[in-house]
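This report looks at charged side-chain pairs and at one helix that takes part in such a pairing. Please read it alongside the sequence and the coordinates.

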Amino acid sequence: IKSRTDELYTSNRELFHSNYMLHQEKEKLNALIENLEEGILVSNISHSILMINTSAKNLLGIERSVIGAPLYDVISDKDYIQDIHHIILKKVRFISKEITIPHPARQSSYLLLRSSLSVDSKGNIIGIITLLRDITKEKELENLKSGFMRTISHELKTPLTTIIGFTETLSNERRGTLNEDQKSYVKIILEEGIHLSRLINDLLEFTLITANKILLQFEEISLKALISEILESFRPQATLKNIELSFDALPNLPSIQADREKLHRAFLNVIHNAIHFTEKGSVVISFYTEKNKIITKIMDTGIGIDSKNIDKIFERFIQVDADGKAGFRSGLGLGLSISRDLIALHDGRIWAESKQGEGSTFYIELPVAR
């Protein structure tokens, strides 16, 4: 009995020591989390709050104890709650979302939430850890930059439109006959003015996209009519380069719901690229359908793209030279990235296939019904 009692005493002493050390480590961890500048919130699969530090409470404007409270009591953003539910069901490891926190007495603040799934060694869900960071100043700076870019773009467009208009009047000789030198100069002014106008439009579209301020006006449109209109505008340029423009439209192509202006811009950029990078041969546009989708195929016989640069051509401010090198070139390099973003806003996608020196083929997929 004495021997057994000693063993029990020793076990109790070791257990006490282990509990003490565990308590000390827990205190250290809590102190570390509590003093972090970044907010931390931990919830379980039932969306109940298990832990929240002072920084998170300050960022969310909470003064009371919320341990055990539902997550939607402190974060009312419905999309965020659905995202959390999604990562639990699908076991997605990580999501990131920006939310707005309204304040009655001052300007609303913006938070970046990064939530990750915490699982044990057996794959069982322990909880969801959410990091909160104040990005209000970054948002204000972004809005200021976007506003500045939009203002500059509009201020440049107004005089440029006037310049192009008067240059077209001179080019058509409505104000008198021009000699050959004058015609040449006026032609250069007009071409460069149109090029500058396209760059300004790209810049303006880019600022609207990055600021999430693109508004779509959906209507029923015919892709066949849209493409025909774009091709007619490029026909003089193609004729000068001896490029054959071919359009093979399906006889019973269904109409789609889309923003005509934005879709026109997306196709315009891709077709312009096809003609610009083709020195001889042809640009062929055709359609085919898959299930409830229409795929537009734009095939050229131009310089082509190295396979390693296929994905880069849709990045912002990146262009690919004739030698296949990607980098910063003349122009803004925004055309294809704008097309990608505008097509994505229509629930579609764009991709390319190419071989250097053998031309390129671009595919634009759009849903028939929304």
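In this predicted model, E173, E180 and K183 are joined in a network of salt bridges. Within that network, the contact of E180 with K183 has its closest N and O atoms 3.9 Å apart, a value that falls inside the 4 Å cut-off applied to such pairs. Both residues belong to helix α5, which spans residues 180–210, and they sit three residues apart, about one turn of the helix. An α-helix has 3.6 residues a turn, so positions separated by three or four places point the same way. As for solvent exposure, E180 has a relative accessibility of 58% and therefore counts as exposed, whereas K183, at 34%, counts as partly exposed.

The structure holds ten salt bridges, and three of them are set out below.

| Pair | N to O distance | Accessibility, basic residue | Accessibility, acidic residue |
|---|---|---|---|
| E180 and K183 | 3.9 Å | K183, 34% | E180, 58% |
| R260 and E229 | 2.5 Å | R260, 27% | E229, 40% |
| R349 and E365 | 3.2 Å | R349, 44% | E365, 7% |

Which parts of the chain does the pair R260 and E229 tie together? The side chains of R260 and E229 meet in a salt bridge with an N to O distance of 2.5 Å; because R260 lies in helix α7 (residues 260–276) and E229 in helix α6, this contact ties together parts that are 31 residues apart in sequence. Both R260, at 27%, and E229, at 40%, count as partly exposed.

The pair R349 and E365 involves strands: their side chains meet at 3.2 Å, N to O, and since R349 is in strand β13 (residues 349–354) and E365 in strand β14 (residues 360–367), the salt bridge ties together parts 16 residues apart in sequence. Here R349 is partly exposed, with a relative accessible area of 44%, while E365, at 7% relative accessibility, counts as buried.

Helix α6, which carries E229, covers residues 223–240, and its 18 residues reach 26 Å from the first C-alpha to the last, close to the 26 Å expected at 1.5 Å a residue. The helix nevertheless bends by about 45° at F234, and a proline, P236, follows within four residues. F234 is also one of the buried residues of α6, a set that comprises L223, L226, I227, I230, L231, F234 and A238. Just after α6, N242 adopts a positive phi of about 60°.

Notes
Residues numbered from 1 in each chain as written. Predicted model: local features only at pLDDT ≥ 70, side-chain atom pairs only at ≥ 80, totals over all residues. Heavy atoms only, no water. Helix = DSSP H or I, 4+ residues; strand = E, 2+ residues; numbered from the N terminus. Expected span 1.5 Å × (residues − 1). Bend = angle between axes of the 7 residues up to and from the residue. Buried < 20%, exposed > 50% of the residue type's maximum accessible area, 1.4 Å probe, protein only.
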